Structures are given as structure tokens and as C-alpha cells.
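Thank you all for coming; I would like to walk through one structure with you, slowly, taking a few places in turn. Please keep the picture in view while I talk.

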Amino acid sequence: MQFYRDGYRPGDPDVQPPSPEALARPDSLPEEVDVLIVGTGPAGTVLAAQLAAFPGIRTGIIERRDAPLEVGHADGVACRTVEMFQAFGLADALVREAYWVNEVRFWGPSETDRDRIVRTGWVEDTPAGLSEFPHVIVNQARMQQYLLDHAAKQASRLTVDYGLELVDLHLGDDGDPVTATMRRTVGERTGEEVTMRALYVVGCDGARSNVRRAIGRELVGDAANHAWGVMDVLATTDFPDWRTKNVIQSAGKGSLLMIPREGGSMVRCYVDLGEVPAGDSEIRKTTAAQLTDVANAILHPYSIDVRSVAWSSVYEVGQRVTDRFDDVPADQVGLRDPRVFIAGDACHTHSAKAGQGMNVSMQDAFNLGWKLVAVLTGRATPDLLATYSEERQTVAKDLIEFDRFWSAFIAQPTVDPDHPERGGVTSEQMREEFARQGRYTAGLATRYRPSTLTGESTHQGLATGFEIGARFHSARAIRVADARPMHLGHAHVADGRWRVYGFGDRGGVELRALAEWLTDSPDAPTHLFRAPGDALDAVLDVHGVLRAGHHDLDVTGLPEILLPRSGPLGLQDWEKVWAIDPADDIFAARGIGDAGALVVVRPDQYVAHVLPLTAREELTAFFRGVLVEQRAAAVR
């Protein structure tokens with residue numbers, strides 16, 4: 001973490017000095033913003049945290065509730081989401097507070113007495129090597145508060161305007177600001193309508209999204225037909241696996257999914273309530289006491305004595321998705337740029353069984369956020385924004401298909417050996433399927449297809465462990481300047497910049513030549529796509545990983561792109577040169593051969609391209625398809 005680039009300042013380094021724009025902002029609701037975020041759910045808070053780092057971007061965020069969420073519905077935090085939190089500097093606090101899911105244990109009917117359950121096996125929750133971070137459990141409300149606190153500490157001092165509900169949107173002519181009509185929901189002025197103009201509006205306002213309704217989108221999909229009750233309980237019990245994740249199948253009494261919560265005492269119980277007619281409202285009246293009775297029947301001969309219920313609900317499994325995640329009609333796709341977007345539950349809904357709802361919603365916003373920044377700072381043209389719907393709708397469809405399979409699979413009864421014709425699954429089949437789905441539930445199954453943002457796999461063989469279109473799979477290296485062993489991916493900050501990692505060739509000749517070109521050539525993307533006066537690394541953050549020990553390298557002898565100067569004092573950045581960690585060779589771990597490799601990583605941590613170290617024209621051509629040539633624009 002670097003926090004003296006502009007000179008020494010005392011106090012908490014996480015709290016940035018307020019920008020002139022923040023100091024000049026009026027206390028009242030602004031009349032016009034660049035981006036209006038509607039809703040402070042998982043997607044809205046991630047987007048707020050991203051945009052808050054850019055005080056030149058006028059951002060507003062509204063929430064119909066009168067205060068932040070206190071009891072969250074979601075709780076599972078996939079490894080991929082923790083990786084994203086690392087880019088905001090929030091991962092350490094998150095994993096310290098959270099419950100770590102290390103194992104999944106399985107219980108089923110005893111062979112000698114099917115009225116009783118016995119432990120039938122276990123699997124490692126997340127296969128080793130998938131991520132440097134664990135799968136954790138923490139209250140959704142805490143996740144959102146982390147992000148809101150982060151936004152409030154940034155130079156823009158972005159905070160939420162509570163008690164405002166979006167009523168309608170008026171798009172006007174192409175290019176004109178969108179007019180948002182909002183209604184006050186609390187206080188003396190409840191019911192009063194106010195308006196705000198915005199260049200872009202992002203609906204993160206849940207499954208009943210008013211933003212989605214305003215742009216004429218609909219959630220389409222399967223009707224719900226299976227109900228589950230869920231409750232967060234504080235209880236005493238004789239069940240021996242109370243503090244591990246459990247999948248419990250009974251003989252004819254339903255299934256139970258138990259997930260311990262943070263804090264050492266609370267546990268979330270998902271209770272199978274069976275098949276229900278679509279739209280059955282009676283099932284929603286099931287009380288926590290009734291859920292406890294069902295859970296105890298399933299757990300026999302064990303039981304839980306619930307002392308307190310922190311939260312409970314009943315929901316019906318269903319999977320739905322919209323046809324697009326923006327406001328562009330089908331007959332105008334490619335003819336005009338989007339101005340209104342929807343994210344998270346506003347555009348895709350599914351069951352809680354895969355644990356992906358909150359996680360995928362956050363990744364929606366992480367995908368959209370850097371694109372809005374690129375457009376609003378002039379680094380990219382507005383047609384970049386069309387890629388949000390193109391990329392994330394495909395991800396949502398894949399999630400729907402997975403969730404449809406997974407929610408049905410986990411709800412199946414256990415096989416009765418006396419009546420195999422009734423179907424079901426064995427405990428062994430359940431255990432094997434959990435293990436097989438580890439990559440998906442870790443949030444690591446997303447693969448972006450080749451496009452302007454994702455290159456072809458022509459040179460994938462140069463770095464087989466950095467799969468094009470997948471998230472950057474971090475590995476350990478040693479930072480040369482201070483001999484600190486750390487994960488290379490932790491150099492990736494949520495600041496809107498692209499990362500370019502040069503992995504050295506044997507002898508280092510080609511890597512040095514590449515660094516010299518990126519430093520000196522006016523045709524290099526480091527110069528073409530940054531505005532005059534900006535730091536050398538303002539758009540492309542270049543790192544060099546050398547095939548040597550850290551004691552064998554002199555950072556000061558490397559080209560300037562690996563030791564760039566920035567800020568009002570022109571200070572050097574010493575954190576861009578890396579060496580091999582003898583305990584875990586990154587070249588071997590990620591399949592990088594003697595020729596080395598150039599790995600290009602998007603601002604949202606996904607691998608955009610793998611190229612040879614000699615690929616000058618190819619690298620420039622790739623960025624020319626995404627970024628605006630700032631120097632050429634300045635000359636005109």
C-alpha cells in the first residue's frame with residue numbers, strides 16, 4: 001500500500017484527503033451526476049467503492065431504506081470475491097472476521113436404522129491450489145458496510161442518500177442525460193418527488209427492480225416449485241459437526257444444509273420444505289419454530305435447542321434472467337450506446353444453494369465499474385459499455401443452468417435400498433458431486449469469450465497457468481525492493497488501470513528489450529493511450545518478473561517503466577519488479593517456459609491476453625481496440 005506519493009500526511013492512511021470536488025459538493029441532493037447508482041445491495045456497494053476512487057466522476061447513490069442493511073440474506077463469500085476484496089484492500093479484514101469453510105461433511109440414514117442419521121464422509125470444501133484465499137462466510141450486511149466505509153474514505157467522500165426510491169426514468173434523446181424521478185420514503189417530506197439528471201444510471205435495486213421496469217426488461221425463467229426455509233440460529237446441540245458445513249439427507253423427512261456463521265456460535269440452517277405449487281403463499285407463513293421442528297426431525301437422533309433466531313425466511317427455488325442487462329432495444333444493438341444498466345438480482349435470480357447470488361452480483365458491478373471509469377475519464381469510447389451486457393449475461397445464463405441442476409440435485413431424497421425404484425441419490429453420489437463442483441462454487445468458473453477485451457488463445461502455451469478469459473490466478477513471488485514474499489496478484493488495485501506482467505525469458509534479454517520499448521518508444525501503448533502530463537504508468541501498470549533471486553537484481557539499472565516516477569514530488573515506484581520465490585517458483589507454477597510471456601490483465605482481474613515478449617504490434621493493436629489514443633487526440 002502506497003500512501004505518501006503526494007507527500008507525508010499523518011493519520012489513518014486508508015482515509016484519503018478530500019478532493020476539491022468533495023469539499024465543494026453541496027449538502028443537498030445534487031441536481032446532476034455522471035453515474036446514479038440505485039440500491040446499496042452487493043452490486044451497488046461494489047460499484048460505489050470503485051467509482052469513489054475517482055473524484056472527477058460525479059457519483060450519486062440512493063437507497064429506499066432509511067439506513068444501511070443490518071441483517072443480510074446472503075452469507076457465502078466465494079474465493080473469487082475475496083480476491084476482488086483484496087483489490088480494494090479489504091481482504092484481510094474480511095477473512096479475519098469470517099468463518100472459514102474448510103470441509104463439507106455428509107450425513108445420511110444409518111444402514112441399520114434408517115430413522116437415524118450417521119456421518120457418511122467429507123470432502124475438502126475448496127480444492128487445493130484454486131485460490132490463495134479461502135471460501136468464507138460473513139453477513140451480507142457486513143460485506144456491504146466494508147464497501148460503503150471504503151467509499152466514504154476515498155477522496156470523493158462518496159456516501160449514500162437514504163430514504164429515496166426510484167419511481168421512473170426518462171431517457172430523452174440519445175446523448176441527453178437520463179432524468180430519474182425519485183420519491184422520499186422517510187421523514188417529514190415522505191412522498192415528495194424529486195428529480196436528478198445522470199449520464200448513466202445503474203439499477204442495483206433487487207429482484208423487484210424499478211430500474212428494470214423503467215427500461216422495459218423482464219425476468220424470464222422457470223416458476224418456483226420447491227421451497228426451503230432458512231434461519232440463522234444460536235442454539236445448543238449434541239450434533240457433533242455443529243461448526244462445520246454439513247449436507248444432511250434423511251429417510252423421508254427431507255434434507256438439511258447447515259453452514260456455520262462468523263462469530264463462533266451462529267449457524268445458518270437451510271431446511272427442505274418439499275415441493276410446492278408455483279405461487280403458493282401459504283408456505284411463506286412457515287415460522288422459525290416450525291422450521292426448527294423439521295430440522296430436528298431430520299437430525300434424529302441428534303437435536304438442536306434454539307435459544308435465539310437472528311433471521312429467518314422462506315423462499316421458493318426459481319431461476320430467472322433478463323434478455324439484456326442494459327436499455328438498448330434488440331433492434332438498436334450496435335447502433336447506440338447504453339445509458340441504463342441493471343446488475344445483480346435486478347437481472348438474474350436463482351436459489352441460494354450454489355452460494356453465488358451475492359458473489360455474481362458483485363462481479364457484475366466489478367465488470368461494469370472499470371468500463372464506466374474508462375469512458376468517463378476519456379480513456380475509452382462509450383461503445384465499450386455494450387460489452388457489459390454481452391459478457392455478464394452469458395455468465396448469468398451459465399449460473400442459471402448450474403443452479404437449476406444444483407438446486408434439484410441437492411433436494412433429492414436419499415436412495416432407499418428397499419425401494420430403489422423411487423430414485424434419489426446416495427451419500428457417495430452427493431459427496432462426489434460436491435467435490436466435482438468445487439471450482440464453480442469457488443466463483444472461478446467464469447471464462448470470457450474472445451472479443452475486443454479478450455484475446456485469442458494463439459499464444460496460450462507460453463503461460464498455460466494464466467488462462468485467457470479467466471481470472472488472473474495469482475502465485476507467490478518476491479518483491480525485489482524490500483525482499484517481501486507475497487502474491488503477485490495482490491499488486492492489482494481497483495484503480496481502473498490495466499496490468500501488464502512481463503515474465504522474463506531465460507537470460508532476460510527480451511524482457512529488458514520490451515521494458516525499454518515501453519519506456520522510450522512513442523508508439524508503445526504506455527505513451528499512446530495516456531494523456532499528456534499523466535504519469536508513465538497512469539493507464540498501464542507494468543510489472544517485471546525476472547528469472548533470478550532477489551539478491552541478484554539491481555532495480556535501479558532497469559528501464560524506467562519498471563521504476564516509474566509519479567506524483568507532485570516525482571517519487572519512484574519501487575514495487576514493480578519481482579523475483580522467483582525459491583519455495584514456490586511462479587514460472588513452474590503457471591507453466592511459463594524459457595521464452596517467457598507477456599500477460600495482459602483487465603482492470604477487473606481477468607486475463608485479457610497472453611503474448612510473446614516480442615509482440616510489439618500485437619500488444620499495441622490489442623489496446624487500440626479498447627482505448628482512445630490520447631496523444632493523437634491532443635494533437636488534433
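**A walk through the model**

Let me begin with Phe-106, which is found in strand β5, residues 103-109. Before going further I should say that what we are looking at is a predicted model, and I will come back to its confidence at the end. Is Phe-106 buried or exposed? With a relative accessibility of 2%, it counts as buried, because the cut-off for that word is under 20%. If we leave aside the neighbours within four places in sequence, Phe-106 is in contact with a run of residues that includes Val-118, Arg-119, Thr-120, Gly-121, Trp-122 and Val-123, and also with Val-247, Met-430, Arg-431 and Phe-434. Take Met-430 from that list: 324 residues separate it from Phe-106 in sequence, yet their C-alpha atoms are 8.1 Å apart in space.

Now to the aromatic rings, of which the structure holds 18 pairs. One of them is formed by Phe-88 and Phe-366, a tilted pair with 5.9 Å from centre to centre and 50° between the planes. This pair links distant parts of the chain, since Phe-88 lies in the loop between α3 (79-87) and α4 (91-97), whereas Phe-366 belongs to helix α8 (residues 357-376), 278 residues away. Phe-88 and Phe-366 are both buried. A second pair is made by Trp-107 and Tyr-302, whose ring centres are 5.6 Å apart and whose planes stand at 85°, so this one is edge-to-face. Here too distant parts of the chain are linked, with Trp-107 in strand β5 and Tyr-302 in the loop between α7 (288-299) and β17 (304-317), 195 residues apart. The two partners are not covered to the same degree: Trp-107 counts as buried at 3% relative accessibility, while Tyr-302, at 23%, counts as partly exposed.

The loop that holds Tyr-302, between α7 and β17, is also where Pro-301 is found. The peptide bond leading from His-300 into Pro-301 is cis, with omega near 20°.

Let us move on to β23 (498-503), where six of the six residues are buried. How are its two faces covered? On one side Trp-498, Val-500 and Gly-502 are buried, and on the other side so are Arg-499, Tyr-501 and Phe-503. For those of you new to this, the alternation is what one expects in a regular strand, where side chains alternate between the two faces of the sheet. Strand β23 has β24 as a parallel partner, joined to it by six bridges, and β28 as an antiparallel partner, joined to it by five bridges. Gly-502 lets us see both pairings from a single residue, for it stands opposite Gly-544 in β24 and has Leu-598 as its bridge partner in β28. Two residues of this strand, Tyr-501 and Phe-503, also belong to one aromatic cluster together with Phe-466, Phe-472 and Phe-587.

The strand β23 brings us to helix α15, residues 616-624, in which Leu-619, Thr-620, Phe-622 and Phe-623 are buried. Why do I say that they lie on the same side of α15? They cover an arc of only 160° around the axis, and that puts them on the same side of the helix. The general background is that an α-helix has 3.6 residues a turn, so residues three or four places apart point the same way. Among the elements that cover these buried residues are β23, α12 (509-520), β24 (540-545) and β28 (597-601).

Two backbone details deserve a mention. Gln-605, in the loop between β28 and β29, has a phi near 75°, a positive value in a residue other than glycine. Arg-157, in the loop between α5 (140-153) and β8 (161-162), likewise has a positive phi, of about 55°, without being a glycine. Gln-605 is buried, with a relative accessible area of 7%, but Arg-157 is partly exposed at 22%.

Finally, the confidence I promised to return to: the chain averages a pLDDT of 92, and 97% of the residues score at least 70. Over residues 632-636, however, the pLDDT is below 50, and beyond near neighbours in sequence this stretch has one contact in the model. Where pLDDT is low, the predicted coordinates should not be read in detail.

Definitions and conventions. Residues numbered from 1 in each chain as written. Predicted model: local features only at pLDDT ≥ 70, side-chain atom pairs only at ≥ 80, totals over all residues. Heavy atoms only, no water. Helix = DSSP H or I, 4+ residues; strand = E, 2+ residues; numbered from the N terminus. Buried < 20%, exposed > 50% of the residue type's maximum accessible area, 1.4 Å probe, protein only. Contact = heavy atoms within 4.5 Å. Arc of directions from axis to C-beta. Phe/Tyr/Trp six-rings, centres within 6.5 Å; stacked < 30°, edge-to-face > 60°. pLDDT = per-residue confidence, 0-100. Pairing = 2+ DSSP bridges.
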